[in-house]
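Here's a quick briefing to get you started. Have a look at the structure first, then we'll walk through it together.

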Amino acid sequence: MKQLHVNLFEMACVSHIVHGMWRAPGNNRHRYGEMDYWLETAKLAERGLFDAVFLADVVGTYDRFGESNDAALRGGVQIPNLDPLMLVPAMAAVTKNLGFGVTFSTTYEPPFAFARRMGTLDLLTKGRVGWNVVTSYLKSAAQNFGLDDEIPHDNRYAIADEYMDVLYKLWEGSWDEDAVLKDATTGVYTNPASVRSIHHTGQHFRVAGPHLVEPSRQRTPVLFQATGSPAGLEFAARHAEVVFIGGRTTEEVRHNIATTRQRAVAHGRQPDDIRFIVMAGIIVDETDALAARKLEHYRNYYSVEGALVHAQAEIDLRHYDVNERIGDVLLREGLSFGNMGRRFRPEQTIGSALKQIASFDEGRFFVAGSPDTVANQIENWLDVDGIDGINLRQYHSFDTAQDFISLVVPELQKRGRYRTAYTQDETLRERLFEAGRARLPTQHFGSRYRNPDNLKAPAAPLFSSLPFSKAS
Ligand SMILES: Cc1cc2nc3c(=O)[nH]c(=O)nc-3n(C[C@H](O)[C@H](O)[C@H](O)COP(=O)(O)O)c2cc1C
């Protein structure tokens with residue numbers, strides 16, 4: 001029977017997804033800048049036997065709403081926002097088994113320094129880290145890194161593909177397993193014959209190597225990715241080990257999973273080499289009625305403005321006729337649909353978009369109810385939709401995680417759907433797949449660089465036919 005994988009979905013900011021909630025009594029979100037907040041979070045997640053704390057990140061501001069940052073700043077919508085990589089050592093120091101998923105973008109900072117930082121984290125945590133590979137979507141982020149505008153979508157994935165190539169060469173190929181001798185008698189710490197430069201020269205990067213960090217338990221951290229686009233899917237099929245999947249209906253979810261698995265097989269991988277997780281909203285209490293009351297209470301704090309800021313809405317939907325379609329309004333205002341496409345569809349009415357926002361974007365993976373109701377729903381997600389796990393969205397920190405741990409976990413355990421203890425000393429990859437699988441499997445693209453001959457042979461780019469242009 002399939003057991004649920006759970007990550008606590010976090011971001012080092014006041015308002016990550018469910019905007020306005022930071023004002024709710026007892027919510028600790030305003031403490032995101034205190035070390036203690038993260039230590040308490042990590043200890044709580046480990047007490048709940050979670051797979052990992054998963055940290056989102058953006059490197060720009062949401063400045064489309066009202067054509068400024070003002071609303072984002074007012075509502076704490078992902079600004080102020082701290083560097084997620086910096087939080088991991090602190091949380092790792094007060095836990096033994098908890099994993100950490102960290103978001104980092106391949107678009108703006110070159111791969112060599114990132115390989116070193118992530119290698120450091122994997123070494124220090126003894127293999128407890130994962131990386132959420134993103135290519136970034138904010139124009140304001142591009143402008144923070146010397147560009148006038150975002151690099152076109154598919155070209156971002158082409159850069160990301162070469163970025164991965166550099167990382168695999170450093171993580172998998174630069175140091176042999178037996179390179180570090182630590183031999184005090186001969187005075188040889190590292191055998192130089194077992195460490196090599198990578199001499200990568202590609203379209204976007206030139207990196208000599210060698211990698212600066214000695215091999216860690218996983219070498220390559222567990223690779224997470226969220227996507228819906230054809231280019232992103234192709235990228236996932238080659239690289240991702242855990243994919244965030246979306247879908248409005250069971251059929252859509254199942255279709256997305258099946259398609260991704262098929263594409264992975266076309267890349268020489270096994271169908272079950274990819275785990276699928278979704279972002280889930282779970283509000284639980286002793287009874288269905290109490291959970292419904294909790295949901296209503298939370299709704300009092302919800303900020304529609306915050307949601308519009310996050311959706312990069314260029315218009316304030318609250319000021320238009322609810323029967324009009326979003327696409328028509330944008331056309332009339334001379335605006336393109338681009339930014340809002342992450343959240344809405346052009347044919348959607350203003351009224352339905354506002355309702356979607358006001359109802360907490362409940363969607364397919366949302367449940368409010370008693371432990372029994374929630375567990376039934378989760379079993380459906382696992383068995384009918386075919387997912388493997390969730391990123392638990394937080395409404396209230398720490399109540400959301402605490403409620404889940406005290407009410408849902410025991411019910412899932414009773415049904416054999418949740419671990420009752422950690423397997424000691426396992427890496428994050430082993431926890432997600434199987435014992436003994438601390439490293440990328442041999443059928444994964446990245447493992448090719450364990451053969452030094454492949455470091456010399458240029459890898460086939462994933463998007464060889466894509467014209468590369470920095471103009472959007
Ligand atoms: C659960 C989840 C978490 C995400 N976290 C981040 C994040 O932290 N930072 C980010 O820039 N994008 C994040 N994204 C957005 C994705 O990186 C990506 O832009 C989006 O899924 C669209 O991909 P596509 O353009 O290939 O369809 C997240 C998406 C999902 C579904």
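Which residue in β9 does Val-133 stand opposite? That partner is Gln-225. Keep in mind that this is a predicted model. We'll start with the strands around that pair, then move on to the ligand.

**Strand β9 and its neighbors**
- Strand β9 covers residues 222-226, and it's mostly tucked away, with four of its five residues buried.
- On one side, β9 runs parallel to β4, and four bridges join the two.
- β9 also pairs with strand β10 (residues 242-244), again in the parallel sense, this time over three bridges.
- In that second pairing, Ala-226 stands opposite Phe-244 in β10.
- Put β9, helix α7 (residues 230-239) and β10 together and you get a right-handed β-α-β unit.

**Who's around the ligand**
- There are 15 residues around the ligand, and the ones that come nearest are Asp-57, His-153, Tyr-157, Thr-227 and Ser-229.
- By type, the shell splits into seven nonpolar residues, seven polar ones and one charged one.

**Polar contacts and cover**
- The side chain of Thr-227 has an N or O atom 2.5 Å from an oxygen atom of the ligand.
- For Tyr-157, a side-chain N or O atom sits 2.6 Å from a ligand oxygen.
- Gly-228 joins in through its backbone: a polar atom there is 2.9 Å from an oxygen atom of the ligand.
- On its own the ligand has 620 Å² of accessible area, and the protein covers 77% of that.
- Two elements, β4 (129-134) and α6 (153-173), give two or more residues to the shell around the ligand.

Key
Residues numbered from 1 in each chain as written. Predicted model: local features only at pLDDT ≥ 70, side-chain atom pairs only at ≥ 80, totals over all residues. Heavy atoms only, no water. Near = heavy atom within 4 Å. Polar contact = N/O pair within 3.5 Å; in protein donor to acceptor, adjacent residues only side chain to side chain. Areas by Shrake-Rupley, 256 points an atom, 1.4 Å probe, with all protein chains shown as cover. Nonpolar A, V, L, I, M, F, W, Y, C, P; charged D, E, K, R; others polar. Buried < 20%, exposed > 50% of the residue type's maximum accessible area, 1.4 Å probe, protein only. Pairing = 2+ DSSP bridges. Right-handed = clockwise from strand over helix to strand, strands pointing away.
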